[in-house]
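Got the model open in your viewer? Keep a selection box handy and follow along, one stop at a time.

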Amino acid sequence: MRGKKLVFTCAIVLLLAVYSSPALAVSASVKTQFDYIFTLDALRNIRIFIENFGTDQQKTKYEEIKKLFNDASESYYAQDFSASHQKYFGLKERLAELLENIADSYLKRTQEILDSTSKNSFDVIIKYGKNSGLRKYLTMPYDPLEGVKAIKEDEYHFFYDKEIIETYLRTGYKRLQVARNIYNDPDLKIIKDKKNRTSANMDFIIESYWKTISICRVSKQYGIEIHKILKVNMVGDILRKYNLSSGALSPIFDDRIPEDFKIDANDNIRLIHSIEKERLTKKTK
């Protein structure tokens, strides 16, 4: 995954260089080859979102963009580089519009997932802290006949997991803010508002929205991991319920994750939620 991301990033850097540097005389064929690779990768990645979250309008726009890609790529294959370069530019404009809409939906969804964990997380952070009054009961002798349990057995892990929960909550919200900053970057707005944008400008816009989406996925995962920690005692029951080993506990089977957010957990690791639901159906028959 890191290697693929590095290759993609290097391609973007080189692409920006060849478009923007007057000292480099780059042939139309090289520019078009970059356009082909860039837009193909974008369409492949967008497909995951469309399959998992796409509205009817977004699905329609995606199909229209695919047709533009087919047309531009046919010209590219035919080595009509001047025509294909112009077609790819129009394609990128449509891609940027769709990605802006997708990035906005990821920001809202990320906020929702993190907020869904915050109350329980802060309750744990406050209740199971060093000076909260409960920790002392861990070392006090307990009489099973006349004693009073101050702590439920399934809550002991919070004394140790509260720091992880706090870290995940802090990091999740921090990443969300980073994603917002990229989405609302003043430089991005300046480029978007330019009357005569270049192909390199379009690449910058698209890449900015991809960064927003990628960071949101990471941020959402922190929220999902908090849900899993809060219900860690359910793991044994879940494995028995689905007859699974711990290594096979993928999001669709992990009932610690709220049902509404399983789609996000699948999307974060590039899985198609509808296919995963079919796996669940077969497993439970």
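Start with the rings: select every Phe, Tyr and Trp, and the count comes to 12 aromatic pairs, where a pair means ring centres within 6.5 Å, using the six-membered ring for Trp. Planes under 30 degrees apart count as stacked, over 60 as edge-to-face and the rest as tilted. Now zoom in on Tyr-36 and Tyr-76: their ring centres are 5.1 Å apart and their planes sit at 25°, so this pair is stacked. Tyr-36 belongs to helix α2 (residues 28-53) and Tyr-76 to helix α3, so the pair ties together parts that are 40 residues apart in sequence. Helices here are DSSP runs of H or I with at least four residues, strands are runs of E with at least two, and numbering starts at the N terminus.

Before you go on, a word on what you're looking at. This is a predicted model, in which local features need pLDDT of at least 70 and side-chain atom pairs count only at pLDDT 80 or more, while totals for chains, interfaces and linings use all residues. Residues are numbered from 1 along each chain as its sequence is written, and side-chain values use heavy atoms, with hydrogens and water left out.

Back to the two tyrosines: buried or exposed? Tyr-36 is buried, with a relative accessible area of 17%, and Tyr-76 also counts as buried at 17%. The cut-offs are under 20% relative accessible area for buried, over 50% for exposed and partly exposed in between, with a 1.4 Å probe and protein chains only. Widen the selection to Tyr-36, Phe-69, Tyr-76, Tyr-77, Phe-81 and Tyr-88, and you have a cluster linked by ring pairs.

**Next stop: α2 against α3**

Show both helices as cartoons. The axes of α2 and α3 come within 11 Å and cross at roughly 160°. That makes α2 roughly antiparallel to α3. Axes are lines fitted to C-alpha atoms, for helices over the stretch in contact, with angles from 0 to 180 degrees between N-to-C directions. Under 35 degrees is called roughly parallel, over 145 roughly antiparallel, 65 to 115 roughly perpendicular, and the rest oblique. The crossing of α2 and α3 is left-handed, a label used if the near helix is turned anticlockwise from the far one by less than a right angle (right-handed if clockwise).

Turn on side chains, and the α2 residues that meet α3 include Tyr-36, Leu-40, Leu-43, Phe-49 and Phe-53. Among their partners in α3 are Tyr-62, Ile-65, Phe-69 and Tyr-76; contact means heavy atoms within 4.5 Å. The residues of this α2 and α3 contact divide into 12 nonpolar, five polar and three charged. In that scheme Ala, Val, Leu, Ile, Met, Phe, Trp, Tyr, Cys and Pro are nonpolar, Asp, Glu, Lys and Arg are charged, and the others, Gly among them, are polar.

Pick out Leu-40, which lies in α2 and counts as buried at 18% relative accessibility. Draw a C-alpha to C-alpha distance from Leu-40 to Ser-73, and you should get 9.5 Å for residues 33 apart in sequence.

**Then α3 against α4**

Slide along to helix α3 (residues 56-77) and helix α4 (residues 81-127), whose axes come within 8 Å and cross at roughly 160°. That makes α3 roughly antiparallel to α4, and this crossing is left-handed too. From α3, Leu-68, Phe-69, Ala-72 and Tyr-76 are among the residues in the contact; from α4, they include Phe-81, Tyr-88, Leu-91 and Leu-95. By class, there are 12 nonpolar, five polar and five charged residues in the contact of α3 with α4.

**A buried acid**

Select Asp-264, in helix α9 (residues 262-268). Asp-264 is buried, with a relative accessible area of 0%. What does Asp-264 touch, not counting residues up to four places away in sequence? Phe-53, Arg-109, Ile-113, Lys-220 and Ile-224.

**Two loops with odd backbones**

Asn-243 sits in the loop between α8 (235-242) and α9. Asn-243 has a positive phi of about 55° although it is not a glycine, and is exposed at 66% relative accessible area. Jump to Arg-270, in the loop between α9 and α10 (273-284): phi is positive here as well, about 60°, again without a glycine. Arg-270 is partly exposed, at 33%.

**Zoom out**

Finally, show the whole chain: 10 helices and zero strands. Of its 285 residues, 43% count as buried. Among contacts between residues at least 6 apart in sequence, 73% join residues at least 24 apart.
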